[in-house]
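Let's take a friendly walk through some side-chain contacts and one pocket. Have the model open beside you as you read.

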Amino acid sequence: MYVAPELSEEAAEELTEAYMGMRKLGTGCNTITATPRQLESLIRLSEALAKMRLSKVVTLADVKEAVRLMKVAIHQAVTDPNTGLIDMDLIATGITAGSRQKINVLVEAIKDLFRTNDMFRVKGIKYAVLYEELKKKMDGGEASVVELFTEVELRDALRILEEDNIVALYGNRKMPLVRFVNTAY
């Protein structure tokens, strides 16, 4: 038997409220916690639950169960391990908003190191020395946005600079020499 359930008025209201509630979770922390795609998913889940009961109407209970399922799935998939907050950027880009911010600060800090240190600009800088210089710079309060950065974030920052032809990495992949190559930035 084929059933094409339609949303009841109360189910539609609950979907709207649930979606708006999910959107509000991200206010104040610069993350989008729900997109129209999530709303569409909630509708499809609600309809699927009604179909399982062979009902022609999507009920309030169907919507509440769909919302519960969505929250569990989102929570597991997009919880930023550093903050414990839901971060949809993790699904969209594979990087949390906080990590992306750290990477951007690291990119600027590396550029600044090359701008302000003639020796680094001419001879390059060993990865381990760069790491230590950046740690000092971050601890010094110049970039208080970044309390700690991971090696992955530093490597992502170097990859961005390499793609932009600002630096080149030479030698050992784990501990390369980072050389300044672009005088035009």
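Is E132 buried, partly exposed or exposed? With a relative accessible area of 41%, E132 is partly exposed, where buried means under 20% relative accessible area, exposed over 50% and partly exposed in between (1.4 Å probe, protein chains only).

A word on the ground rules. This is a predicted model, in which local features need pLDDT of at least 70, side-chain atom pairs count only at pLDDT 80 or more, and totals for chains, interfaces and linings use all residues. Residues are numbered from 1 along each chain as its sequence is written, and side-chain values use heavy atoms, with hydrogens and water left out.

**Salt bridges**

Side chains of opposite charge can pair when their charged atoms come close. Here a salt bridge is a side-chain nitrogen of Lys or Arg within 4 Å of a carboxyl oxygen of Asp or Glu, and the structure holds 11 of them. The table shows some of these, with the N to O distance for each.

| Pair | N to O distance | Place |
|---|---|---|
| K135 and E132 | 3.9 Å | helix α7, 3 residues apart |
| K136 and E133 | 3.3 Å | helix α7, 3 residues apart |
| E151 and R155 | 3.5 Å | helix α8, 4 residues apart |

Helices, for reference, are DSSP runs of H or I with at least four residues, numbered from the N terminus. The spacing of K135 and E132 is about one turn of the helix, and so is that of E151 and R155.

How do these partners sit relative to the surface? K135, the partner of E132, is partly exposed at 33%. In the next pair, K136 counts as exposed at 54% relative accessibility, whereas E133 is partly exposed at 23%. In α8, E151 is partly exposed with 40%, and R155 is partly exposed too, at 27%.

Beyond these pairs, D112, R115 and K137 are linked in a network of salt bridges.

**Rings**

How many aromatic pairs does a search of the whole structure find? There are 2, counting rings of Phe, Tyr and Trp (its six-membered ring) whose centres lie within 6.5 Å; planes under 30 degrees apart count as stacked, over 60 as edge-to-face and the rest as tilted. One of them joins Y131 and F149: the ring centres are 5.3 Å apart and the planes stand at 65°, so this pair is edge-to-face. The contact links distant parts of the chain, with Y131 in helix α7 (residues 127-139) and F149, 18 residues away, in the loop between α7 and α8 (151-163). Y131 is partly exposed at 23%, whereas F149 counts as buried at 9%.

R155 has a ring contact as well. This residue lies over the face of Y127, at 4.3 Å from the ring centre; a charge sits over a ring if NZ of Lys or CZ of Arg is within 6 Å of the ring centre and within 35 degrees of the ring normal.

**The second largest pocket**

R155 turns up once more, in a pocket lining that includes R159, E162 and R173. A pocket is an open set of points on a 1 Å grid over the protein atoms alone, where a 1.4 Å probe fits, with protein on both sides within 12 Å along at least five of seven lines; lining residues have an atom within 4 Å of a point. The second largest pocket has a volume of about 180 Å³, the volume being the space filled by probe spheres set on the points, which are joined across faces, edges and corners.

Which element gives the most to this lining? That is α8, with 4 residues.

Terms used: Helices (H or I, at least four residues) and strands (E, at least two) are DSSP runs, numbered from the N terminus.
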